[in-house]
Amino acid sequence: MIKKLFTLCFLYCLLHTAQAQSFHFAHVSDTHIGNQTAAEDLRRTVADINGNDSLSFVILSGDITEFGSDEELALARQILDSLNKPWYIIPGNHDGNWSESGANSFRRIFGAEHFRFSHGGYVFLGTNCGPNLRMSPGQVPREHIVWLDSTLKTLPDDQPIIYVNHYPQDTSLNNWYEATDRLKRKNIQLILLGHGHANRQYNFEGIPSIMGRSNLRAKDSIGAYNIVSIANGKAIYRERKPLTTTGSPWAEVVLKKHDFKNDTTRYYRPSFAINKAYPQVKAVWNYQDHSDIGNGAAANAELVFSANTVGEVYALNRKTGKKVWVFKTGGKVFSTPALSGNRLVVGSSDGNIFGLDAKSGKKLWQVPAQKAVLGSPLIHESIAFIGASDGVFRAIDVQTGTIKWQFDQVGGFVVTRPLLYQGKIYFGCWNKDFYALDAQTGKLAWVWNNGNANRMFSPAACYPVAANNRIFIVAPDRYMTALDAATGTQVWRNRNAAVRVRESMGMSEDATLVYGKTMEGTLAVFNAAAGSMQLVRETDLKLGYELAPTAMIEQNGLLFVPSDNGVVTAVHRKDGSIAWQHKLSNCLITGILPLADKQVIVTTMDGKVSCLKW
């Protein structure tokens, strides 16, 4: 008995001593490699950290690159490999939202998108923040929530935790509460973040939090990072200008165990009360994936087809939502599958386009690309038209997998589904260009450029629509543009400060109206035949600030509108009134597929596939 008591006392003292250890580390954030001075700023920071023997490790809290390109990621890795001490890294929104690899390269180059390590009695946990490839507020990926669950289960309740995510843990993240609630069941003591490019202190639901500044110099002569000291139950932040000076402490946080279990404060959580306002809308079935779903769905009479960001393409029973088969690719899938007879075509960020047997999921053929395939296929007369990240747009025979033609002069990577209209294929890319190709030969008919110096304003995410010999596109620059379908000549191009369209658009079934969703959460309806951007009407969908790029689609007099917070809205085409709204989750609606018999298949970024009926 005495021996047992001695052992317990020894272990307690050992644990207490471990937790009381003092140590220092570097918090580096928002390096934005690709920015004009970013590489030089990071090299200076690395040299400074290498010269400081008191630093135990380095944490990099996201936005490592400017555009998420393979070149930028490789350069960042090259510079960081010069560090002479351990370093731990997570991606930010810039690394994933415009990623030519579909956020695969970050994982490949840096080994993972999350981390776990222990030091000085603390466990440090870091997760991705999204958004990945689809513009929206941030989101901790579904697979990282699953990882967080399994990781936290292995930790004792008293284990002190420091959590790292690029975004603030508030409504900046669509699903902030999923991570926060889990952490609060354990001994979370501090959250570290970036994103805001400034040194700031926060408190997220009782959890002390610190935002570290960007490593970029901005308007200064050199950049900076933070040195964090953990000592005497406190975390102390000092800004360090590399190779020059260390400032006085600007933040001091007491590290302690919080009594979240008995906290009676009512913190904000998303409301699903809107569903009670439209009780006629019911879920026939719901399927919850273990990963994100960054694409829409396809369907036939028996099955619904979707895919996820762990690389699985799968079929669900259309009546029950039960999984029928799974086909595993080697990379995240953001491509929406397309169906032609018994052939299912889908691209993967593993750099391949697959033709699958729709009934069994068996691979029938495979067409390799040189980079990720993030575009979605359009199938017409057994030919699949699809763009990739290797600068090549392909036309593929659906039956055999034979390439009919390929156009190899695309200036940027393709993430959208093309439009077929009047014998031409139309699509945009993340290099400001919009293309028209002859559908029979792949020959370039014309290319249009929006003239913006910033490629983040490219007409790349919208699904273009057409009517009256015009192609209509919208882009993050808030312009709507009408181009002559035959020549690419600009018919009109307008930016209305009061009607800020972005990337989500659609066309009425009779091709007389063009739809655009605004950043204020309204539905703007335009005349498809007018000689200028003529607003017909506007409907307030009460969505608030809105970023979802997912296409709108009309069927049988109802227009289905996506949102970035999990709400689907059905609008009467005749007068613009709201027929119903239904909230599935608090994350981005990634696809809407109307079916017959007043049913619609909806996919969300946090891994939900739902069949709704009204």
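Two strands are taken to pair where DSSP finds at least two bridges between them. With this criterion applied to the structure, which is a predicted model, two open sheets and two helix packings are described below.

In one open sheet, 4 strands follow the order 18-19-20-21, and the pairing is antiparallel. The edges of this sheet are formed by strand 18 (338-340) and strand 21 (363-368), each of which pairs on one side only. Neighbouring strands here are turned against each other by 20° on average, when direction is ignored. At the edge formed by strand 18, the pairing with strand 19 (residues 343-348) is antiparallel and extends over 3 bridges; within this pairing, Ala338 has Val345 of strand 19 as its bridge partner.

Another open sheet consists of 4 strands in the order 30-31-32-33, again with antiparallel pairing. Strand 30 (465-467) and strand 33 (490-495) are at its edges and have a single partner strand each, so that one side of each is left without a neighbour in the sheet. From one strand to the next, the twist averages 20°. Strand 30 is joined to strand 31 (residues 470-474) by 3 bridges in the antiparallel sense, and Val465 is placed opposite Phe472 of strand 31.

Turning to the helices, helix 2 (residues 38-50) packs against helix 3 (residues 70-80) at an angle of about 20°, and their axes lie 10 Å apart. Because angles under 35 degrees count as roughly parallel, helix 2 is described as roughly parallel to helix 3. The crossing of helix 2 past helix 3 is right-handed. On the side of helix 2, the contact involves Ala39, Leu42, Arg43 and Val46, which meet Leu75, Gln78, Ile79 and Leu80 of helix 3. Classified by residue type, this contact of helix 2 with helix 3 contains 6 nonpolar, 1 polar and 1 charged residues.

A further packing involves helix 6 (residues 142-153) and helix 7 (residues 176-184), whose axes come within 10 Å and cross at roughly 0°. Helix 6 and helix 7 are therefore roughly parallel to each other. Arg142, Ile145, Leu148, Asp149 and Leu152 are the residues of helix 6 that meet helix 7, where their counterparts are Glu178, Ala179, Arg182 and Leu183. By class, the contact of helix 6 with helix 7 comprises 5 nonpolar and 4 charged residues, with no polar residues.

Notes:
Residues numbered from 1 in each chain as written. Predicted model: local features only at pLDDT ≥ 70, side-chain atom pairs only at ≥ 80, totals over all residues. Heavy atoms only, no water. Axes fitted to C-alpha atoms, helices over the stretch in contact; angles between N-to-C directions. Helix = DSSP H or I, 4+ residues; strand = E, 2+ residues; numbered from the N terminus. Parallel < 35°, antiparallel > 145°, perpendicular 65-115°, else oblique. Contact = heavy atoms within 4.5 Å. Nonpolar A, V, L, I, M, F, W, Y, C, P; charged D, E, K, R; others polar. Left-handed = near helix turned anticlockwise from the far one by under 90°.
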